[in-house]
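Biologist: Thanks for sitting down with me over this one. Could you bring it up so we can go through it together?

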Amino acid sequence: MRRIFTFCYVFFICFSAAGYAEVNVVVNGLKGQLKDNVDVYLSGISQHEDANSLRLHAFIQENISQALEALGYYHASVSFQTEDKQLSVFVTQGEPTRILRAEIQISGEAGLDEDFIRLREQSQIKAGAILNHAHYEKFKSDIRNLALKKGYFNGKFTQSRIEVRPDKYQANIILDFDSGIRYHFGQIIISGSQIDDQKVLSLQPFQSGDPYQISGMGEFNQNLSDTDWFGSIAITPDLSKLKESRELPVHVVLTPASRNQVETGLGYSTDVGIQGSLKWVKPWLNESGHSFSSKMSLSGPEQVVIAGYKIPLQDVLHQYYQIQYGLKKVDNLDTKSIESNLSLERHWHLDNGWNRTIFIRYLIENYEQGVLDDVGQFVLPGITFTRTRTRGTRLFTWGDKETLTIEYGNQHALSETDLLRIQGSTSWIRTYLEDHRFLARIDGGVNLVDEFRQVSPSLRFFAGGDNSIRGYDYDSVSPVDSSGALTGARYLATASLEYQYQLTGNWWLALFYDYGDAFNKTPDWKRGTGVGIRWVSPVGPVRLDFAWGLDNQPGDEFRLHFTLGPDL
């Protein structure tokens, strides 16, 4: 019997709905926030309703009243007009209810806290303002959140109410928040760490006895994460001690990162073709936090192996020593070489965002280049400054990158000849009106040397390619020797300007112009220009450029350039 009744009820509902045409409800007389809120409240109206239904009219009137009362309008009037399938709703919002008195009291130690004073001053709850229930609830939530962020863990509202007198278009708001005391950081208790406790504690941005601040906890967590020593990090205050002391112990629970981490990669660019890479990292070797990293990169013209040993100092994140060895084999155009580099480096990460590195490197290079066939040796002390700033994730919307390296070799200190080598670059990205993106790059270098013939190929300058002067082959812009072979240059000066326009979604159109030369005495400037397509793929920006080398050999002007990776 129950099944028969249920079937008949469902049949009746479906038959009734089928008998009604879809009703289109149009609300008139409201705009802005009032209309938006009413639309939200009416979003649940069924399309299969009778436009003349009293039940529908009552539902609409009730929801419009609730939507407007939430924004302080208690005297709205609603009328209806039906025409065919459309139900027109005419709303007169009436006079708003305004706040007569706003009594906001913050007692306890937060009463003198500048952040709470500022929060109260910036509140939208003020005498004379239109009553808005959402503003009231948000202000209460802001007080609670600020109390938790700053360690007022016993804070509570002793009074919180709205007194509304619709007949007088007035409302009173009474809020009284008692913060109690502000707790402080107590003893740091570390567990699970494989690194010496003093190294871990050196990363904390606060000291025991400092007033509690949740941002300090977040910064501590980030500092620990940036070391790459740990697989998981949990930092929590011990709230079970609230009744015992103002100073709360802080528990730092750590688990070691994997001792061996391997990463592989595969890429392609028209400069070097298919390129594979293998990276092996040991993020920690001992309790002092020493680490080892190595990387192998293989492509047709270049094969590189680099290994480094890092020794953090007392300021773990900002200062460290590094011993690094690199072996590079090059077989490109007219240069064949095997380059061996051993360097000792001292690194500083400065407060202004710059990274400074003082180093000394020992270079041995066995090479054939044009008519030259030699082994070069240099001991080069030097200094490098670098800085990178970016905004955006897969596609940088703003950024700049600067690099400057100065190194010196002396023939009386195991170098082939006296050499002062300076190399620098700067790049910018700027985005305007979201759809328009500009990129600019300048690269320069100089070898101040008397016997340039004795300078190894890796210390000379070449131009041309995907990230230099497009429209020319990789490293093909260079002076030549008596045999016509490319030799590399004393000086380098290149510049690039690119404009990008967003076509749709992750697709961009690019127009570019490149200019520069690698030269020994007088530059013979080379120009490259063209158009390109940019795709912001899940693994990073993909660039495809159709470039013309305007000063290339006749019949050899066009080049296709393809790269994968960020612009900086």
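Biologist: What is the crossing angle of the axes of helix H2 and helix H3?

Modeller: Keep in mind that this is a predicted model. Helix H2 covers residues 32–41 and helix H3 covers residues 54–69, and their axes come within 9 Å. The angle at which they cross is roughly 135°.

Biologist: Which word describes how H2 and H3 lie to each other, oblique or antiparallel?

Modeller: An angle has to be over 145 degrees to count as roughly antiparallel. The axes of H2 and H3 cross at roughly 135°, and the crossing is right-handed. The two helices are therefore oblique.

Biologist: Lovely. How many nonpolar residues does the contact of H2 with H3 have?

Modeller: From H2 come Leu-34, Asn-37, Val-38 and Tyr-41, while H3 brings Asn-63, Ile-64, Gln-66, Ala-67 and Leu-68. Sorted by class, three of the contact residues are polar and none is charged. The nonpolar residues number six.

Biologist: And how do H4 and H5 lie to each other, parallel or antiparallel?

Modeller: Helix H4 (residues 114–121) packs against helix H5 (residues 133–149) with the axes 11 Å apart. The angle is about 170°, and anything over 145 degrees counts as roughly antiparallel. H4 and H5 are therefore roughly antiparallel.

Biologist: How many charged residues are in the contact of H4 with H5?

Modeller: On the H4 side we have Asp-115, Phe-116, Leu-119 and Arg-120, and they meet Phe-139, Asp-142, Ile-143, Leu-146 and Ala-147 of H5. By class, six residues are nonpolar and none is polar. The charged ones come to three.

Biologist: Let's step back to the whole chain. What is its radius of gyration?

Modeller: The chain has seven helices and 25 strands. For 568 residues the globule rule gives 24 Å, and the computed value is well over that, so the chain is more spread out than a compact globule. Its C-alpha atoms fill a box of roughly 100 × 70 × 60 Å along the principal axes. The radius of gyration is 35 Å.

Biologist: How much strand is there over residues 404–565?

Modeller: UniProt, in an unreviewed entry, lists these residues as "domain: Bacterial surface antigen (D15)". The end C-alpha atoms of the stretch are 22 Å apart, and helix makes up 0%. The strand share is 56%.

Biologist: One last thing: which residues does Leu-242 touch, leaving out those up to four places away in sequence?

Modeller: Leu-242 is in the loop between strand E8 (230–237) and strand E9 (247–256). With those sequence neighbours left out, Leu-242 touches Phe-153, Asn-154, Tyr-183 and Leu-248.

Methods. Residues numbered from 1 in each chain as written. Predicted model: local features only at pLDDT ≥ 70, side-chain atom pairs only at ≥ 80, totals over all residues. Heavy atoms only, no water. Axes fitted to C-alpha atoms, helices over the stretch in contact; angles between N-to-C directions. Helix = DSSP H or I, 4+ residues; strand = E, 2+ residues; numbered from the N terminus. Parallel < 35°, antiparallel > 145°, perpendicular 65-115°, else oblique. Left-handed = near helix turned anticlockwise from the far one by under 90°. Contact = heavy atoms within 4.5 Å. Nonpolar A, V, L, I, M, F, W, Y, C, P; charged D, E, K, R; others polar. UniProt positions renumbered as here; feature names shortened; annotations may be inferred. Rg over C-alpha atoms; globule rule 2.2 N^0.38 Å.
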